[in-house]
Amino acid sequence: MLACGGLPTRLPRTNNKRSGWAENRELSILSPDFDKHLDLRMRQTDLVKLFLSLAVATITAHAGEYVVLANGFRIHADSHVIDGDVMRLQISEGAIEIPANSVASIEAEDYTPPAPPPPAPAPEPKRELTPQELITRAAINNGLPPGIVRSVAKAESGYRVDAVSPKGAIGLMQLMPATAAALNADPHDPAQNVEAGARYLRDLLLKYENDPHQVSKALAAYNAGPGAVDKYKGVPPYRETIQYVNRVLKNYEAGQACASRTAATPSDPHASPAARECSSPAAPPQPETAPLPQK
């Protein structure tokens, strides 16, 4: 259609596709901000490529090894060279030299140390033995009937580990400091006290082994000392010593009787008071099988 002057009123249609450049150019004409948007996208892509390149370069530059010293200190190095007694490390700041014998190991940078072993379980607290258990163990260790050692401990201290006499005797077996020192024992340690006391009693029993009054003399010597027994050729005429020997022998015989009754009727609900006393913690029943010591 022609307007006045012979100029067309609209552009003719064409079926030819515009090139990409023409299309973008037309968009650029239609949208003035398109060029800015396109340039920004291109710059962002270039920055991402640059960042990735730098990251790879950084990883490559820091790849190397760890030199582990004997003291546990770790040094990161790119490489190392051993020159005699010296190890030369190439690090990012330059090179350093260290004694080769100070190096414990060399690990690759991607080395993952093994997991530490699990902590060992805490040991169970050791149960302390009762005075009666200490006495029984010491008696067996020294070849004595537990009953005779229990009887001595009962007469001496009443099974009290902290007993101290007015004369200075200490512990379950009431050892004098000089006697404990001669036996190389700490009298304040219950286990050492009982062990030393049982050993001392055994030595006294062996001293009088050929005497018809072996046990009485050994007990008297435990209480008053061997010198007094030798002086009087028997139990000294001391009231305390005589009562002590009688008390120990009585306790020992009662313990033997308790052991016999308990073995015969271990679960008798109608047991007598004496039989029930046999089962008390102060005098645990135990058959006596070990004889008095003989050479």
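Begin by selecting Tyr-66 and Arg-74 in this predicted model: Arg-74 lies over the face of Tyr-66, at 4.6 Å from the centre of the ring.

From there, turn to rings that pair with each other, of which a search of the whole structure finds two pairs. Select Tyr-200 and Tyr-222, whose ring centres are 5.4 Å apart; their planes stand at 45°, so the pair counts as tilted. This pair links distant parts of the chain, because Tyr-200 belongs to helix α6 (residues 190-207) and Tyr-222 to helix α7 (residues 214-224), with the two positions 22 residues apart in numbering. If you display the surface around them, you will find that Tyr-200 is buried and that Tyr-222 is buried as well.

The other pair is formed by Tyr-232 and Tyr-238, so select these next: their ring centres lie 5.9 Å apart with the planes at 80°, and the pair is therefore edge-to-face. Tyr-232 counts as partly exposed, at 37% relative accessibility, and Tyr-238 is likewise partly exposed, at 34%.

Now show helix α3 (residues 131-141) together with helix α4 (residues 146-157), which pack at an angle of about 130° with their axes 8 Å apart. The two helices are therefore oblique to each other, and their crossing is right-handed. To see where they meet, colour Ile-135, Thr-136, Ala-139 and Ile-140 in α3, and then Pro-146, Val-149, Arg-150 and Ala-153 in α4.

Stay with α3 for a moment and select its buried residues, which are Gln-132, Leu-134, Ile-135, Thr-136, Ala-138 and Ala-139. What covers these buried residues includes α4 and also α6, the helix that holds Tyr-200 of the tilted pair. After α3 comes Gly-143, where phi is positive, near 70°.

The last stops concern backbone angles in two loops. Most residues other than glycine have a negative phi, and it is against that background that the next two selections can be viewed. Select Tyr-159, a residue other than glycine whose phi is positive, near 65°; Tyr-159 is found in the loop between α4 and α5 (177-182), and is buried, with a relative accessible area of 12%.

Then move to the loop between α5 and α6, where Asn-184 has its place. Asn-184 also is a residue other than glycine with a positive phi, near 55°. Is Asn-184 buried or exposed? At 71% relative accessibility, Asn-184 counts as exposed, whereas Tyr-159 is buried.

Definitions and conventions: Residues numbered from 1 in each chain as written. Predicted model: local features only at pLDDT ≥ 70, side-chain atom pairs only at ≥ 80, totals over all residues. Heavy atoms only, no water. Phe/Tyr/Trp six-rings, centres within 6.5 Å; stacked < 30°, edge-to-face > 60°. Helix = DSSP H or I, 4+ residues; strand = E, 2+ residues; numbered from the N terminus. Buried < 20%, exposed > 50% of the residue type's maximum accessible area, 1.4 Å probe, protein only. Lys NZ or Arg CZ within 6 Å of the ring centre and 35° of its normal. Axes fitted to C-alpha atoms, helices over the stretch in contact; angles between N-to-C directions. Parallel < 35°, antiparallel > 145°, perpendicular 65-115°, else oblique. Left-handed = near helix turned anticlockwise from the far one by under 90°. Contact = heavy atoms within 4.5 Å.
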